[in-house]
Amino acid sequence: MKKLLAILTLVLILTVSTACSSPPDAAEIRPAAEALIEASYEINNIFFGEGLPAIERDSEFAIENHVYYMDEEGNYDYIAEDCPYQTTDQIKAAAEQVYSADYLASLYETMFVGVADEHAGMLYARYLDTDEGLKKSNIHESMIAAKRVYDYDSMTIVKPSNSKFVNVEFDTHLEGESEIMRVRLTLVKEESGWRLDSPTY
């Protein structure tokens, strides 16, 4: 009897464990994946694309207000006053609604601190908080050639995946082009919900 009870207990434990580790259905994960991808376009542009809008150095506003009077040859431009992001903390708050903490950890160093590379030299931070306001580097070039469009109807869940970590694949194409490329993205479940663990551009 004790042996039978032990076997039944083990079976129950294995059943629960398997259920907990099973990935969600595609219909369940799709709304989160779709919302995250759509929100990622803005974050991608901030980090990898043209970046936040800055005050043009030769603009009438900059000249009349002497915005760059003491910084004519600087590598950083002030972010436009009507931009919704005016501090690095505001950028981070938006990014953390889309991408995972692990993915953002190394990105933050590049974007907000800068890194020294033995081959490329010093890679300056893209954004800096200053007493005068948020600044953006004007020496960074866009890494995004075109927006990547995802066919959400083509989404499939692929291995390895579980209840906290899901790999999904989509048919995609670059905006303005017809070539289809199958792209895999990883989503991880954090305390506040699903987050992308890989870039979408």
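**Exercise 1. Which ring does the charged end of Lys147 sit over, and which residue lies over the face of Tyr68?**

Step 1. Apply the criterion: NZ of Lys or CZ of Arg must be within 6 Å of the ring centre and within 35 degrees of the ring normal.
Step 2. Take Lys147. Its charged end sits over the ring of Tyr41, 4.3 Å from the centre.
Step 3. Take Tyr68. Arg57 lies over its face, at 4.1 Å from the ring centre.

A note on the model. It is predicted: local features need pLDDT of at least 70, side-chain atom pairs count only at pLDDT 80 or more, and totals for chains, interfaces and linings use all residues. Residues are numbered from 1 along each chain as its sequence is written, and side-chain values use heavy atoms, with hydrogens and water left out.

**Exercise 2. Classify the aromatic pair of Tyr150 and Phe170, and state whether each residue is buried or exposed.**

Step 1. Recall the rule. Rings of Phe, Tyr and Trp (its six-membered ring) pair if their centres lie within 6.5 Å; planes under 30 degrees apart are stacked, over 60 edge-to-face, the rest tilted.
Step 2. The structure holds nine aromatic pairs. In one of them, Tyr150 and Phe170 are 5.4 Å apart centre to centre, with 90 degrees between the planes: edge-to-face.
Step 3. Locate the pair. Tyr150 is in strand 6 (residues 148-158) and Phe170 in strand 7 (residues 165-174), 20 residues apart. Strands (E, at least two residues) and helices (H or I, at least four) are DSSP runs, numbered from the N terminus.
Step 4. Check accessibility. Buried means under 20% relative accessible area, exposed over 50%, partly exposed in between (1.4 Å probe, protein chains only). Tyr150 is buried at 6%. Phe170 is buried at 0%.

**Exercise 3. What is the strand order of the open sheet of three strands, and which are its edge strands?**

Step 1. Two strands pair if DSSP finds at least two bridges between them.
Step 2. The order is 1-5-4, with antiparallel pairing.
Step 3. Strand 1 (76-78) and strand 4 (127-130) each pair on one side only, so they are the edge strands.
Step 4. Look at one pairing. Four bridges join strand 4 to strand 5 (residues 133-137). Tyr127 stands opposite Lys136 in strand 5.

**Exercise 4. Where around helix 4 do its buried residues lie?**

Step 1. List the buried residues of helix 4 (residues 88-95): Thr88, Ile91, Ala94 and Ala95.
Step 2. They cover an arc of only 125 degrees around the axis (from directions between the helix axis and the C-beta atoms), so they lie on the same side of helix 4.
Step 3. Find their partners, with contact meaning heavy atoms within 4.5 Å. They pack against helix 2 (26-48), helix 5 (101-113), strand 4 and strand 5.
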